[in-house]
Amino acid sequence: MPLKMKQREKLPSKDFALPGKGTGKGGKGPGSYPIDSPGRARSALSRGAANASPGQQAEIKRKVSEKFPSIAVGGKKGRK
């Protein structure tokens with residue numbers, strides 16, 4: 001389910017994979033990758049792989065694995 005901007009602004013900063021650089025309240029706009037649910041965490045990994053720098057990708061993977069240890073963050077390795 002897509003997040004509306006008001007919903008996104010209400011999420012705590014810990015529910016984002018990267019520091020906010022967007023235009024929303026507190027920088028919670030585009031480019032901050034919400035990880036408040038397993039589906040959005042997987043989306044953050046996918047979108048980060050396509051758009052983020054290697055350093056940003058590493059941070060996204062780290063935060064997703066901390067919040068959702070059951071999600072494989074390193075590609076096919078480790079998947080069941």
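Here are three short exercises, with worked solutions, on a predicted model.

**Exercise 1: Helix α2**

Work out how far helix α2 reaches and which of its residues are buried or exposed.

*Solution.*

Step 1. Let's start with the length. Helix α2 runs over residues 38-51, so count 14 residues. The expected span is 1.5 Å times one less than that number, and for α2 this comes to 20 Å. From first C-alpha to last, the helix reaches 20 Å, close to what's expected.

Step 2. Now look for the buried residues, using the cut-off of under 20% relative accessible area. In α2, you'll find Arg-40, Ala-41, Ala-44, Leu-45 and Gly-48 buried. They sit on the same side of α2, because they cover an arc of only 150° around the axis.

Step 3. Flip to the face turned away from that buried side. There you'll meet the exposed residues Arg-47, Ala-49 and Ala-50.

Step 4. What's covering the buried residues? Part of the cover is α3, residues 54-67.

**Exercise 2: A network around Asp-15**

Find the salt bridges that Asp-15 makes with Lys-14 and Lys-67, and say where each residue stands on the buried-to-exposed scale.

*Solution.*

Step 1. Check Lys-14 first. Its side chain meets that of Asp-15 in a salt bridge, at 3.9 Å from N to O. That passes, because the cut-off is 4 Å.

Step 2. Next comes Lys-67, which also pairs with Asp-15; here the closest N and O atoms are 2.6 Å apart. Lys-67 belongs to helix α3, while Asp-15 is in the loop between α1 (5-10) and α2, so this pair ties together parts that are 52 residues apart in sequence.

Step 3. Put the pieces together: Lys-14, Asp-15 and Lys-67 are linked in a network of salt bridges.

Step 4. Time for accessibility. Asp-15 has 8% relative accessibility, so it's buried. Lys-14 has 61%, so it counts as exposed. Lys-67, at 31%, is partly exposed.

**Exercise 3: A pair inside α3**

Explain how Glu-66 and Arg-62 are placed in helix α3, and how exposed each one is.

*Solution.*

Step 1. Glu-66 and Arg-62 form a salt bridge, with their closest N and O atoms 3.0 Å apart.

Step 2. Count along the helix: the two residues are four apart in α3, so about one helical turn separates them.

Step 3. Glu-66 is exposed, because its relative accessible area is 53%. Arg-62 has 40%, so it's partly exposed.

Step 4. For the wider picture, a search of the whole structure turns up five salt bridges, and the Glu-66 and Arg-62 pair forms a salt bridge too.

Notes
Residues numbered from 1 in each chain as written. Predicted model: local features only at pLDDT ≥ 70, side-chain atom pairs only at ≥ 80, totals over all residues. Heavy atoms only, no water. Buried < 20%, exposed > 50% of the residue type's maximum accessible area, 1.4 Å probe, protein only. Arc of directions from axis to C-beta. Contact = heavy atoms within 4.5 Å.
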